[in-house]
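Work through the exercises below with the sequence and the 3D structure at hand. Each task is followed by a solution in steps.

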Amino acid sequence: TQAAQAYYKTHQASYQLPEKVSVHYLELSMADIMKGFHPSSEQLQTYYADHLNHYTLPKKWDLAHIILAVPANTSAKATAKIELKAQKLYESLIKGISFNAYAKKYSDDLATADKGGVLPTMTLMQKSSVWQRHMLQLKHVGQVSQPFKTPMGFEILKLKAIHPAVVKPYKQVAAAVLKDY
């Protein structure tokens with residue numbers, strides 16, 4: 001009664017048990033799960049068809065360029081003069097003057113000028129949006145872009161070749177499709 005309750009209150013710690021936790025878990029290994037997973041050929045073919053962009057080599061361009069550099073602190077008047085020079089070069093190029101010769105003579109790109117301005121093969125995503133717009137306008141081998149402004153200066157491009165995007169055949173990428181699935 002009251003004596004028992006008073007005793008209990010003063011000795012509560014004696015009546016407590018330590019906390020216990022019981023944990024059950026299941027360890028899963030993706031490698032073990034995959035051992036028992038065998039998608040059908042039809043499922044893999046469907047996955048491949050639904051994800052063709054993963055198995056496609058992008059469109060590529062072979063270009064040459066001429067760059068007329070505009071140094072960082074160039075005045076507006078000097079920039080306009082360089083832009084006018086780029087426009088005159090462009091006008092000569094579309095009349096048939098050799099791009100290769102003009103690149104060697106006028107381009108400020110020391111890495112490519114001696115090679116006629118020829119650049120390494122590139123994809124659209126490797127270049128800035130300004131370049132992308134001008135690359136996409138070039139449709140025919142030999143076509144020359146109008147001069148355009150980049151952070152480096154004024155550039156003129158010449159299309160040397162376009163390599164279309166290529167979808168890798170399923171047989172070539174079957175192992176990758178299975179892994180990706």
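The exercises that follow use a predicted model.

**Exercise 1. The largest nonpolar core**

Find which residues of the largest nonpolar core touch the most other members, and which elements each supply at least two of its residues.

Solution.
Step 1. The core has 15 residues, and those that touch the most other members are Ile66, Leu68, Leu89, Leu93, Phe99, Val144 and Ile156.
Step 2. At least two residues of this core come from each of β2 (60-69), α4 (76-94), α5 (99-106) and β5 (153-163).
Step 3. With five residues, α4 gives the most to this core.
Step 4. Another core, of eleven residues, lies apart from it; Leu63, Leu138, Phe148 and Leu157 are among its residues.

**Exercise 2. The surroundings of Leu68**

List the residues that Leu68 touches, not counting residues up to four places away in sequence.

Solution.
Step 1. With those sequence neighbours left out, Leu68 touches Ile82, Lys85, Ala86 and Leu89, among others.
Step 2. The contacts of Leu68 also include Tyr106, Asp108, Met152, Gly153 and Phe154.

**Exercise 3. Helices α4 and α5**

Decide how α4 and α5 are oriented to each other, and name the residues through which they meet.

Solution.
Step 1. The packing angle is about 155 degrees, and the axes of α4 and α5 are 10 Å apart.
Step 2. Angles over 145 degrees count as roughly antiparallel, so α4 and α5 are roughly antiparallel to each other.
Step 3. The crossing in which α4 passes α5 is right-handed.
Step 4. From α4, Lys85, Leu89, Ser92 and Leu93 meet Phe99, Tyr102 and Tyr106 of α5.
Step 5. Sorted by class, this contact of α4 with α5 has five nonpolar residues, one polar and one charged.

**Exercise 4. Helices α3 and α7**

Do the same for α3 (residues 41-50) and α7 (residues 170-180).

Solution.
Step 1. These helices pack at an angle of about 100 degrees, and their axes are 10 Å apart.
Step 2. Angles of 65 to 115 degrees count as roughly perpendicular, so α3 and α7 are roughly perpendicular to each other.
Step 3. On the α3 side the contact is made by Leu44, Gln45, Tyr47 and Tyr48, and on the α7 side by Tyr170, Val173, Val177, Leu178 and Asp180.
Step 4. By class, the contact of α3 with α7 has seven nonpolar, one polar and one charged residues.

**Exercise 5. Ala175**

Is Ala175 buried or exposed?

Solution.
Step 1. Ala175 is located in helix α7.
Step 2. The cut-off for exposed is over 50% relative accessible area.
Step 3. The relative accessible area of Ala175 is 65%, so Ala175 is exposed.
Step 4. Between the C-alpha atoms of Ala175 and Ala80 there are 56 Å, with the two residues 95 apart along the chain.

Technical notes: Residues are numbered from 1 along each chain as its sequence is written. This is a predicted model: local features need pLDDT of at least 70, side-chain atom pairs count only at pLDDT 80 or more; totals for chains, interfaces and linings use all residues. Side-chain values use heavy atoms; hydrogens and water are left out. A nonpolar core is a set of buried Ala, Val, Leu, Ile, Met, Phe, Trp, Tyr and Cys residues joined through side-chain atoms within 4.5 Å. Buried means under 20% relative accessible area, exposed over 50%, partly exposed in between (1.4 Å probe, protein chains only). Helices (H or I, at least four residues) and strands (E, at least two) are DSSP runs, numbered from the N terminus. Contact means heavy atoms within 4.5 Å. Axes are lines fitted to C-alpha atoms, for helices over the stretch in contact, and angles run from 0 to 180 degrees between N-to-C directions. Angles under 35 degrees count as roughly parallel, over 145 as roughly antiparallel, 65 to 115 as roughly perpendicular and the rest as oblique. A crossing is left-handed if the near helix is turned anticlockwise from the far one by less than a right angle, and right-handed if clockwise. Ala, Val, Leu, Ile, Met, Phe, Trp, Tyr, Cys and Pro count as nonpolar, Asp, Glu, Lys and Arg as charged, and the others, Gly among them, as polar.
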